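Got your viewer open? Let's take a walk through this model, one selection at a time.

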Amino acid sequence: MTRLLVSVRSAAEALAAISGGAEIIDVKEPTHGSLGRASEAVWQEVAGAVEGENGSNHAAIPVSVALGELRELALDKATIPSGIRFAKVGLSGLRQHSNWGDRWLRWKAELPCGIEPVLVAYADAAAASAPEPEEILEFASANDVQTILLDTHDKSAGPLLEVVSLVWLRQFCSRAHELKRHLALAGSLRPSDLPLLLPLQPAIIAVRTAACEGGRSGNVSARRVHELRQALAGSLPGSNDREANEKKIIMKVQASG
């Protein structure tokens, strides 16, 4: 079952995302880049808000935080508040550094106990001067890293399916399944992308722009998250009359603008 992750920049946005049906809350500051790091105060506020919601829900909603780019981090003990389940950093600027894996593993070792590291691959790896996604996927398998995020570094370059082909993406997802890794897909994803992405069976679909009123720097909307959640459910492999479901989803998205 593919889960829906929504990136938020405040506790209020987190509550809106949960109200709309988000299954994972990710904390980032979109004005600071693809994996823009929010303040620790925001982390604490969001974690506290989600914890309050978890107390009334039958299924706990995990919280993820973005920490920026690895090359910009000091490799000391990370101060991440309780209530955080996942943490991730990007690998931009490290394409020519053969020891990027060793540096990432040192960062992983500094994470507080109980926080799972997410390995980030950029689909626009050459433009981001990052290691290629295939190299990162093999590194994840060799080092027992369970979750990989495939994202785009330059948000102005367009959504994921304009950065890479569906053929390439299908092969990448297939390899992730072979290696038994959990793959999250992100990169300015649009609601109309879901019928193409869901058959690839990613573990997670991650969004921000599509969940906001006013674009990436706008505010998360419970209505938009709800529509994404419905679209995701209607596009699941094995759904009755999947082709008809996909057409309905696309028509609904076009009608809503």
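Start by selecting isoleucine 205. Beyond its neighbours within four places in sequence, isoleucine 205 is in contact (heavy atoms within 4.5 Å) with Thr2, Arg3, Leu4, Leu5, Leu185, Leu189, Leu194, Leu197, Leu198 and Leu232. This is a predicted model: local features need pLDDT of at least 70, side-chain atom pairs count only at pLDDT 80 or more, and totals for chains, interfaces and linings use all residues. Residues are numbered from 1 along each chain as its sequence is written, and side-chain values use heavy atoms, with hydrogens and water left out.

Next, add Val6, Ile25 and Leu119. Together with Ile205, they touch the most other members of the largest nonpolar core, which has 68 residues. (A nonpolar core is a set of buried Ala, Val, Leu, Ile, Met, Phe, Trp, Tyr and Cys residues joined through side-chain atoms within 4.5 Å; buried means under 20% relative accessible area, with a 1.4 Å probe and protein chains only.)

Now pick strand E6, residues 147-151 (strands are DSSP runs of E, at least two residues, numbered from the N terminus). Five of its five residues are buried, so E6 is largely enclosed by the rest of the structure. Look at both faces: Thr147, Leu149 and Asp151 sit on one side, Ile148 and Leu150 on the other.

Which strands should you show beside E6? Strand E5 (residues 116-122) runs parallel to E6, joined by five bridges, and tyrosine 122 has aspartate 151 as its bridge partner. Strand E7 (residues 182-185) is also parallel to E6, with four bridges; there, leucine 149 partners alanine 184.

Conventions. Buried means under 20% relative accessible area, exposed over 50%, partly exposed in between (1.4 Å probe, protein chains only). Two strands pair if DSSP finds at least two bridges between them.
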